[in-house]
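This report goes through one protein chain for a reader who has not met it before. Please look at the sequence and the structure first.

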Amino acid sequence: MRISRVLAATAVTVLLAVGCTNHVAGTAQRDPAQPPLTVSEDGYGVVAGFEDAPHRIEIFTEPQCSHCADLQADFGDQLAYYIGVGQLNVTYRPLIFLDEVSNGHSARVSNALFLATGSGATGTQFQRFVEELWANQDPGGAGPSDDEMADMARAVGMPDKAVKRIASGGSAVNVPEMDENNFGFLFDVDPGAAGTPTVYDLVSGEKVDIYDNDWLGMLIQS
């Protein structure tokens, strides 16, 4: 567990693209209970998965970051699977450093992630929602509308309450505070090259090498 939460004002450097992945065979059985979806204790992350999952990670991500989209395209299915069978707990920590205007693309997508919480949506549905959002990026543009994000939520099976909340576009988190705090957490993880996507293993207290094509499978097997 990290000790310090140092805030930093340095610019974020986007990491290089993540490579393709291999499917990992497993024998885990799906838990009859659905993995929950909650807000982290600090209020700036969205947590998908069972609290007692043996593997817990944080994913620092930016809604307009193309390399973050690569991560979701390559590993999203595995993330959803391991969340669903109770092997993995994922905390998403959004950042908005690619926004050029107030309440821009990244800010609105980040807020939509928090709107999904407290709605009866499951952790697995949320992971699928993240995949859809990052697969429909508009870097430098306005990004998806509230209605379009609601349609994505509906398409991945989120309950009507979640869909309606996302369509409303109401405020679910103080986005500037979220960004400031999440960047501080990210800087703690990797002060030398703070960028997105970054994956942090909360169990080992170490940054994960996502350049390894089988990083997630090795994490689960550790």
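Which residues of E5 are buried on one side, and which on the other?

## Strand E5 and its neighbours

The model is a predicted one. In E5, Thr198 and Tyr200 are buried on one side, while Val199 and Asp201 are buried on the other, which leaves both faces of the strand covered. Strand E5 spans residues 198-201 and pairs with E3 in the antiparallel sense through four bridges. Two of the residue pairs can be named: Phe60 has Thr198 as its bridge partner in E5, and Ile59 stands opposite Val199.

E5 also pairs with E6, again antiparallel, by two bridges. Here Asp201 faces Glu206 in E6. Four residues lie between these two strands in their hairpin, where Gly205 has a positive phi near 70°.

## The chain as a whole

The chain holds seven helices and six strands. Along the sequence they follow the pattern β-β-β-α-β-α-α-α-α-α-β-β-α. The chain has 222 residues, and 54% of them count as buried. If contacts are taken between residues at least 6 apart in sequence, 79% of them join residues at least 24 apart.

## The sheet

The six strands make up an open sheet with mixed pairing, in the order E1-E2-E4-E3-E5-E6. Its edge strands are E1 (37-39) and E6 (206-207), each of which pairs on one side only. E1 runs antiparallel to E2 (residues 46-48), and three bridges join the two. One of these places Leu37 against its bridge partner in E2, Ala48.

Strand E3 covers residues 55-61, and six of its seven residues are buried, so the strand is largely enclosed by the rest of the structure. Its pairing with E4 (residues 88-94) is parallel and has seven bridges. Within that pairing, Arg56 stands opposite Asn89 of E4.

## Helices on the sheet

Helix H1 (residues 66-84) joins with E3 and E4 in a right-handed β-α-β unit. H1 lies across E2, E3, E4 and E5, and runs at about 145° to E4. Helix H2 (residues 105-115) packs on the sheet as well, touching E1, E2 and E4, and its direction makes about 140° with that of E4.

How many of the residues of H2 are buried? The count is 11 of 11, so H2 is mostly covered. Among these buried residues are polar and charged names as well as others, including His105, Arg108, Asn111, Val109, Leu113 and Phe114.

## Nonpolar cores

In soluble globular proteins, nonpolar side chains tend to be buried together. In this model the largest nonpolar core has 51 residues, and those that touch the most other members are Leu88, Phe126, Met158 and Ile166. H1 gives the most to this core, with seven residues. A second core of nine residues is separate, and includes Phe183, Phe185, Val189 and Leu202.

Leu88 has a long list of contacts once its neighbours within four places in sequence are left aside. Among them are Ala48, Ala53, His55, Ile57, Leu79, Tyr82, Ile83, Leu216 and Leu219.

## Leu219 in helix H7

Leu219 belongs to helix H7, residues 215-221. Leu219 is buried, with a relative accessible area of 7%, because a residue counts as buried when that value is under 20%. Residues up to four places away in sequence not being counted, Leu219 touches His55, Ile57, Leu88 and Asp201. Asp201 lies 18 residues from Leu219 along the chain, and the C-alpha atoms of the two are separated by 8.6 Å.

## Cysteines

How many disulfides does the count come to? A disulfide requires two cysteine sulfur atoms within 2.5 Å, and by this rule the count is zero. Cys65 is buried, with a relative accessible area of 1%. Cys68 is also buried, with a relative accessible area of 1%.

Definitions and conventions
Residues numbered from 1 in each chain as written. Predicted model: local features only at pLDDT ≥ 70, side-chain atom pairs only at ≥ 80, totals over all residues. Heavy atoms only, no water. Buried < 20%, exposed > 50% of the residue type's maximum accessible area, 1.4 Å probe, protein only. Pairing = 2+ DSSP bridges. Right-handed = clockwise from strand over helix to strand, strands pointing away. Contact = heavy atoms within 4.5 Å. Axes fitted to C-alpha atoms, helices over the stretch in contact; angles between N-to-C directions. Core = buried A, V, L, I, M, F, W, Y, C linked by side-chain atoms within 4.5 Å.
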